[in-house]
Amino acid sequence: MTSTLPPSATTGSRRLLTELPGPRSRELAARKAAAVATGVGTTMPVYAVRAHGGVVEDVDGNVLIDLGSGIAVTTVGSSAPRVVAAVQEQVAAFTHTCFMVTPYEGYVAVAERLNDLTPGDHDKRSVLFNSGAEAVENAVKIARSHTGRQAVVAFDHAYHGRTNLTMAMTAKSMPYKSGFGPFASEVYRAPLSYPFRDGDLSGVEAAARAIDLIDKQVGAANLAAVVIEPIQGEGGFIVPAPGFLQALAQWCREHGVVFVADEVQTGFARTGAMFACEHEGVVPDLIVTAKGIAGGLPLSAVTGRAEMMDSVHVGGLGGTYGGNPLACAAALAVMDTIVEEGLVERARQVERILTERLGRIRSGDPRVGDVRGRGAMMAVELVEAGSTTPDPATAKAVATEAHRNGVVVLTCGTYGNVLRFLPPLAISDDQLHEAFDVLDAAFASTAPA
Ligand code: PLZ
């Protein structure tokens, strides 16, 4: 296939040579339908051949502006130069020995960097896995081992993965859970702080509401862990009201419950801080990371208090591929890139541009009920004008229009009515503005007459 690649784009902006999807993408979509299980969905059936900076190039020679980062993964950019160099060097040296058989420095170095970069200056340990879901599962294993308790609390609208335990922790039935039960036991759900839908409830009041339910329906004495996304991802980019996370973490501390931050989507500069917990001054006991950690190579981690992490017996944590050397080389290059290129600050600049552009859309369009998020993790929640009734049809229509015009955007939310924006931090201001010009037009063309 490499011999028939279209020429690489020379400029950074969109280039539409065919309709989207183009003829070669349509051919591949037909092959996918015949070869790939139907259960794997596709947001935008445009087949990629290259991605770099803020763009994705397709098999038909089209260049799309990327506001998705492969679901918040390529935060440093796809094929970021340091990552490419580090992985090339590692792949030629060795691809795998298994850290549990003959270990290697890359894994240890990633653990050291994670212990250093994550919130809190207490003594920490880390353990590496492959996917976000796998790391969440292991955080629960560690919390159970440390506390000798079984129950786990997750929240309304939560997303933690597709494995059996993480399906139980994930809130939304369709498409993640429907038909796949029975689910893991001892998982309980508490109400979140959702400012757009909570009326005047403050963060502290929302925490009291959640704690009351946890206390009465689970009981602290049975509770191993509270697991929460500091800003919810798939559930709708919900930023809890100030004080909510603090109050929950405080209650956990008082009752010996392990407070676990799932920063799979929010971690590594995405929200304008290295980790989203920092915005609220919260120090989690365990922090789960993945996605942005390794620029697209599969890697995830649990990092946390040494006494909790080390409560597990030798051999109790692991996996054949966890902390694969290529992924570790990539992760070290990602962390260098974030620091050396000032990407935390870049995420804040992206937030300013997105806030301004989304604010403009909101002021002219009553379907935009809420603009929210932090850094390069922003969203709009679409509603029926003048209400809070979810409007998934508009989210879908705007996304489809953007896709047709060469901008990769994703939807999310329990009600499917949230358009989310997750550009790689390697995107240029011009590319962002061009993408939002397309979105302006998409909102205008889908507005009711
Ligand atoms: N925790 C907070 O966002 C993954 C899922 C896409 P994995 N989110 C994207 C899909 O439809 O499968 C995610 C997340 C949070 C955990 C996960 C799970 O991470 O690497 O997909 O297992």
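How many disulfides does a search of the whole structure find? The search returns 0. The model on display is a predicted one.

Begin with the cysteines. Select Cys277 and display its sulfur: the closest cysteine sulfur belongs to Cys252 and lies 12 Å away, too far for a bond, since a disulfide requires two cysteine sulfur atoms within 2.5 Å. Cys277 is also buried, at 2% relative accessibility. Next, select Cys412. The closest cysteine sulfur to that of Cys412 is in Cys277, at 19 Å, which is again too far for a bond. Cys412 is likewise buried, its relative accessible area being 6%.

Now turn to the sheet. Select β11, β12, β15 and β14, which in that order form an open sheet of 4 strands with antiparallel pairing. The edges are occupied by β11 (368-374) and β14 (410-412); each has a single partner strand, so one side of each is left without a neighbour in the sheet. On average, neighbouring strands of this sheet are turned by 25° against each other, direction ignored.

For a closer view of one pairing, select β14 together with β15 (residues 418-421), which are joined in the antiparallel sense over 3 bridges. Within this pairing, highlight Leu410 and its bridge partner in β15, Arg420.

Finally, add the helices. Helix α11 (residues 343-364) packs on the sheet and touches β11, β12 (377-382) and β15; the direction of α11 makes about 175° with that of β11. Then select helix α13 (residues 429-446), which lies across β11, β12 and β15 and runs at about 170° to β15.

Definitions and conventions. Residues are numbered from 1 along each chain as its sequence is written. This is a predicted model: local features need pLDDT of at least 70, side-chain atom pairs count only at pLDDT 80 or more; totals for chains, interfaces and linings use all residues. Side-chain values use heavy atoms; hydrogens and water are left out. Buried means under 20% relative accessible area, exposed over 50%, partly exposed in between (1.4 Å probe, protein chains only). Two strands pair if DSSP finds at least two bridges between them. Helices (H or I, at least four residues) and strands (E, at least two) are DSSP runs, numbered from the N terminus. Axes are lines fitted to C-alpha atoms, for helices over the stretch in contact, and angles run from 0 to 180 degrees between N-to-C directions. Contact means heavy atoms within 4.5 Å.
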